[in-house]
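Take a look at the sequence and the 3D structure below. Then follow the text, and keep the view open as you read.

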Amino acid sequence: MGGDLKTMVIRPLTTDDLGALVALEAANAPAPWSEGVFRNELAAENRIYLAADEEGVVGFAGAMLVADEAHVTNLLVDPAWRRRGIGFELMRSLIEAAVEAGARHLTLEVRSRNEAARALYARVGLAPVGVRQGYYGDDDALILWAHDIDGDEYLARLR
Ligand SMILES: CC(C)(COP(=O)(O)OP(=O)(O)OC[C@H]1O[C@@H](n2cnc3c(N)ncnc32)[C@H](O)[C@@H]1OP(=O)(O)O)[C@@H](O)C(=O)NCCC(=O)NCCS
């Protein structure tokens, strides 16, 4: 990560983080998750939710595990903290935790016009395999997959 991130840790999200999560989402997500959605996700089975914590939550990422697939449910970095490697670290930690939990494949949907996220996802080996036209109303969804994420070759490229 960037040299100015002195005390950054990636750690599991807890319900103590709900206030920070709701504020981050409300200010920065096109369709923000409510506190209820966060609460349900944190309580649900087969989920991994991680915080990037630099004296407070500055980003988070989540995934749902379905059989041997990890579906990324959300990823956000506070605009004031972007382009310092936090999004990548969150994805790397999420993927490593998913593999630890038995995932072999990784998938998600992303807005076709979301160039920052698409570039980050390409860095972790996610490739587009399909399009859901008009999925977001004002934009299409690209469906991305990375396979064999439990293989040495894939995990090595994350490091
Ligand atoms: C997408 C997002 C999480 C990236 O977070 P970040 O902490 O800025 O990402 P990083 O600093 O780890 O960037 C890693 C790489 O991703 C790519 N990337 C990130 N932001 C980019 C941008 N704005 N333009 C182009 N490439 C970008 C680059 O390859 C970057 O590596 P580099 O900085 O060495 O060039 C952040 O922009 C964000 O929260 N966006 C809004 C929420 C969102 O779109 N979530 C995804 C929903 S599917």
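**Starting from one alanine**

Set aside the neighbours of Ala-70 within four places in sequence, and Ala-70 is in contact with Ala-63, Leu-65, Ala-98, Ala-103 and Leu-106. In contact here means that the C-beta atoms of two residues, placed from the backbone, lie within 7 Å. This is a predicted model: local features need pLDDT of at least 70, side-chain atom pairs count only at pLDDT 80 or more, and totals for chains, interfaces and linings use all residues. Residues are numbered from 1 along each chain as its sequence is written.

Is Ala-70 buried or exposed? Ala-70 is buried, because 26 other C-beta atoms lie within 10 Å. The cut-offs are these: a residue is buried with 20 or more other C-beta atoms within 10 Å of its own, exposed with 12 or fewer, and partly exposed in between, with C-beta atoms placed from the backbone. Ala-70 sits in strand S4. Helices (H or I, at least four residues) and strands (E, at least two) are DSSP runs, numbered from the N terminus. Now look far away from Ala-70. The C-alpha atoms of Ala-70 and Lys-6 are 30 Å apart, with their positions 64 residues apart along the chain.

S4 has a partner. S4 and S5 run parallel and are joined by three bridges. Strands pair if DSSP finds at least two bridges between them. Leu-106 in S5 is the bridge partner of Ala-70. In a regular strand the side chains alternate between the two faces of the sheet. S5 shows such alternation: Leu-106, Leu-108 and Val-110 point to one face and are buried. His-105, Thr-107, Glu-109 and Arg-111 point to the other face and are not buried.

Step back to the whole chain. It has five helices and seven strands. From the N terminus on, they run β-α-α-β-β-β-α-β-α-β-β-α. The C-alpha atoms fill a box of roughly 40 × 35 × 30 Å, taken along the principal axes. Of the 159 residues, 27% count as buried.

Where do the buried nonpolar residues gather? In soluble globular proteins, nonpolar side chains tend to be buried together. Here the largest nonpolar core has 37 residues, and Leu-50, Phe-60, Leu-90, Leu-94 and Ala-98 have the most contacts inside it. Such a core is a set of buried Ala, Val, Leu, Ile, Met, Phe, Trp, Tyr and Cys residues joined through C-beta atoms within 7 Å. Helix H3 gives the most to this core, with six residues. Take Leu-94: not counting residues up to four places away in sequence, it touches Ile-48, Leu-50, Ala-61 and Ala-63.

Phe-60 lies in strand S3. Phe-60 is buried, because 26 other C-beta atoms lie within 10 Å. Beyond its neighbours within four places in sequence, Phe-60 is in contact with residues including Leu-13, Leu-21, Tyr-49 and Leu-76.

Finally, find the ligand. Of the 18 residues around it, Arg-82, Gly-87, Phe-88, Ala-116 and Ala-119 come nearest. A residue counts as near if its C-beta atom, placed from the backbone, lies within 6 Å of the molecule. Strand S4 (69–77), helix H3 (86–100) and helix H4 (115–123) each give two or more residues to this shell. Which element gives the most to the shell around the ligand? H4 does, with six residues.
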